[in-house]
Amino acid sequence: MLAAFNRFQLLSALRQGPYGVAGLNERIERGLVQAGLIRLSGAWYAGRPVIVTRNDRALELFNGDIGILMPNDAGELRVWFDQGGAPRPVLPSRMPEHETVYAMTVHKSQGSEFDRVLLLLPPEDAPVLTRELFYTGITRARGHFELYARSTLLQRVIGRRTERASGLAARLWDRA
């Protein structure tokens, strides 16, 4: 199940809104329920993919680790993680901070690779849509990359570079 999940990932540039991961995850979950592929029974249900959002050294779970809720041999739900090629179960009640991950942001996908990636860009422009974000999305795909975007928006995205405005250079210059 974990290997199958890592074959495809839907990526979005945004966290919120209908084209952000929050809205996409909600709609995907609802569609899976309507298709009879999952059965919701509260927050913890079989088939729910989750991504860890806060490190837990005691559990050896780290930001970006992905697990899937599935029953163990006794029928009890566990979150299964691939750790070193072997599945490892974690009690749902022991999980560090996490969120559902049918779709994830391009930012969260950094450091991961998937066989197939679909990058969904919103219909309207946003400052976060940059050439670097687009490049990161493309490079998450090992083999096949698909893009869902308006061509006029894509031209703007490719032409926009990330602008850093931390003020660090000015502070360093003032101290010199």
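Reader: Which residues are linked with Asp115 in a network of salt bridges?
Author: In this predicted model, a network of salt bridges takes in Asp115 together with two other residues. One contact in it is the salt bridge in which the side chains of Arg142 and Asp115 meet, at 2.6 Å from N to O. The residues linked with Asp115 are Glu113 and Arg142.

Reader: How many residues apart are Arg142 and Asp115, and which strands hold them?
Author: The pair links distant parts of the chain, since Arg142 belongs to strand E9 (residues 141-148) and Asp115 to strand E8 (residues 114-120). Asp115 itself is partly exposed, with a relative accessible area of 31%. Along the chain, the separation of Arg142 and Asp115 is 27 residues.

Reader: Where in the chain does Asp125 lie, and where does its salt-bridge partner Arg156 lie?
Author: Asp125 forms a salt bridge with Arg156, and their closest N and O atoms are 3.7 Å apart. Both ends are partly exposed, Asp125 with a relative accessible area of 32% and Arg156 at 44% relative accessibility. The two residues are 31 apart, with Asp125 in the loop between E8 and H4 and Arg156 in helix H5 (residues 151-159).

Reader: Is Glu26, which meets Arg30 in a salt bridge, buried, partly exposed or exposed?
Author: The side chains of Glu26 and Arg30 meet at 4.0 Å, N to O, and both residues lie in helix H2 (residues 21-34), four residues apart, which is about one turn of the helix. Buried would require a relative accessible area under 20% and exposed one over 50%. Because Glu26 has 49% relative accessibility, it counts as partly exposed.

Reader: Which strands stand at the edges of the open sheet of five strands?
Author: The strand order is E5-E4-E3-E2-E6, with antiparallel pairing. Each edge strand has a single partner strand, so one side of each is left without a neighbour in the sheet. The edge strands are E5 (86-90) and E6 (98-100).

Reader: Which residue in E6 is the bridge partner of Ile51?
Author: Strand E2 (residues 49-52) and E6 run antiparallel and are joined by three bridges. For Ile51, the bridge partner in E6 is Glu99.

Reader: Which strand gives the most to the lining of the largest pocket?
Author: The largest pocket holds about 220 Å³ of space, and its lining residues include Phe81, Asp82, Gln83 and Glu113. By class, the lining divides into four nonpolar, four polar and three charged residues. With three residues, the strand that gives the most is E4 (residues 77-83).

How values were computed: Residues numbered from 1 in each chain as written. Predicted model: local features only at pLDDT ≥ 70, side-chain atom pairs only at ≥ 80, totals over all residues. Heavy atoms only, no water. Pairing = 2+ DSSP bridges. 1 Å grid on protein atoms, 1.4 Å probe; cavity = no way out; pocket = protein on both sides within 12 Å on 5 of 7 lines; lining within 4 Å. Points joined across faces, edges and corners; volume = space filled by probe spheres on them. Nonpolar A, V, L, I, M, F, W, Y, C, P; charged D, E, K, R; others polar. Buried < 20%, exposed > 50% of the residue type's maximum accessible area, 1.4 Å probe, protein only.
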